[in-house]
Amino acid sequence: MFNHQRKQNPSELGVLVVNNVGLATNPPELRIVSVDVIYDYLDLVKSLKTSFPDYIAGFDLVGQEDPGPPLKTFIEPLLSLQEYEPAIDVFYHAGETDWYGEDVDENVFDALLLNATRIGHGYAVVKHPAAQQRARATNTPVEVCPISNQVLRLVEDLRNHPGVQLASTSFPMVVSSDDPAPWAALPLSHDIYEAFLAFGGRHADLKFLKQLAINSIDLPAEQKVGLYELWSGKWNEFINSTLRRYHAISTNLLPEHF
């Protein structure tokens, strides 16, 4: 399927998949699994990575955090993943809460200590300066999900979202859609639009959108260069076509101005 997609769209670099597994059982609200089940999850992702090394981006534990155990409950199996070759990146769902001083918000520390490539949601990271400091030092972005956070009532007015503070301090941040289908949102498009309006402030312009896109280009070095070049070409094409459309060439504006 992936090879067919690449043939149909030669300008695309490819497809990567994060092996997402939930911490849910029946009934799902229990969100409790044993350490042995986590080992089974890890065996699966190791097998997938061995069979499809070019397509498996990494591993993630997902699901509502409040009812279940924190990441530190599974520290032994999760640490064992770091010893596997080829290396498997991890993307841990952590800190999706507006509480403070609970296991849920402190999951952001464990995600960072487990060398997460990204932190899913990370809503609580602004309450933990030490976590912010480590994330900056390791350039570990938080995946903010503005519409999901609003739907789940973590925040009502997105101008009060932690993403505003993160954006204003140039914290590593990317925008994600979480589960857009239940609220009929387009993947990324609606969330990026909301982030632009709420996080960027009155002075936000195309440079803000450009930086959000660049933040998302997080791949191994040999792939990152190719993707950045591909994206830059498309960005410049978009800027040039927009300038021509609105007859702004006479202002001597160039794509690098945006």
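Which residues gather in a patch of negative charge on the surface? Select Asp 66, Asp 98, Glu 102 and Glu 106, and you have the patch on screen. A patch here is built from residues with over 30% relative accessible area and no salt bridge, with like charges joined within 9 Å. Asp and Glu count as negative, Lys and Arg as positive, and His and the chain ends are left uncounted.

A quick word before moving on: this is a predicted model, where local features need pLDDT of at least 70 and side-chain atom pairs count only at pLDDT 80 or more, while totals for chains, interfaces and linings use all residues. Residues are numbered from 1 along each chain as its sequence is written, and side-chain values use heavy atoms, with hydrogens and water left out.

**Stop one: Asp 66.** Zoom in on the loop between β2 (56–62) and α3 (75–81), and you will find Asp 66 there. Helices (H or I, at least four residues) and strands (E, at least two) are DSSP runs, numbered from the N terminus. Asp 66 is partly exposed, at 39% relative accessible area. For these words, buried is under 20%, exposed is over 50%, and partly exposed is in between (1.4 Å probe, protein chains only).

**Stop two: the strands.** Now pick β3, residues 89–94: five of its six residues are buried, so the strand is mostly covered. Show β2 alongside, and you will see that the two run parallel, joined by two bridges. Strands pair if DSSP finds at least two bridges between them. To look at one bridge, select Gly 58 and its partner in β3, Asp 89.

**Stop three: salt bridges.** The count comes to four, taking a salt bridge as a side-chain nitrogen of Lys or Arg within 4 Å of a carboxyl oxygen of Asp or Glu. Try Asp 103 with Lys 72, where the closest N and O atoms are 3.4 Å apart. Asp 103 sits in helix α4 (residues 103–113) and Lys 72 in the loop between β2 and α3, so this pair ties together parts 31 residues apart in sequence. Asp 103 is partly exposed at 36% relative accessibility, and Lys 72 is partly exposed too, at 44%.

Next, select Glu 156 and Arg 153, whose side chains meet in a salt bridge at 2.7 Å, N to O. Glu 156 is exposed, at 59%, and Arg 153 is exposed at 56%.

Finish with Asp 157 and Arg 159, another salt bridge at 2.7 Å, N to O. Here Asp 157 is partly exposed, at 28%, whereas Arg 159 is exposed, at 59%.

Conventions. Patch = residues over 30% accessible without salt bridge, like charges linked within 9 Å, V, L, I, M, F, W, Y side chains within 5 Å. Areas by Shrake-Rupley, 256 points an atom, 1.4 Å probe, with all protein chains shown as cover. Charge placed at Lys NZ, Arg CZ, Asp CG, Glu CD.
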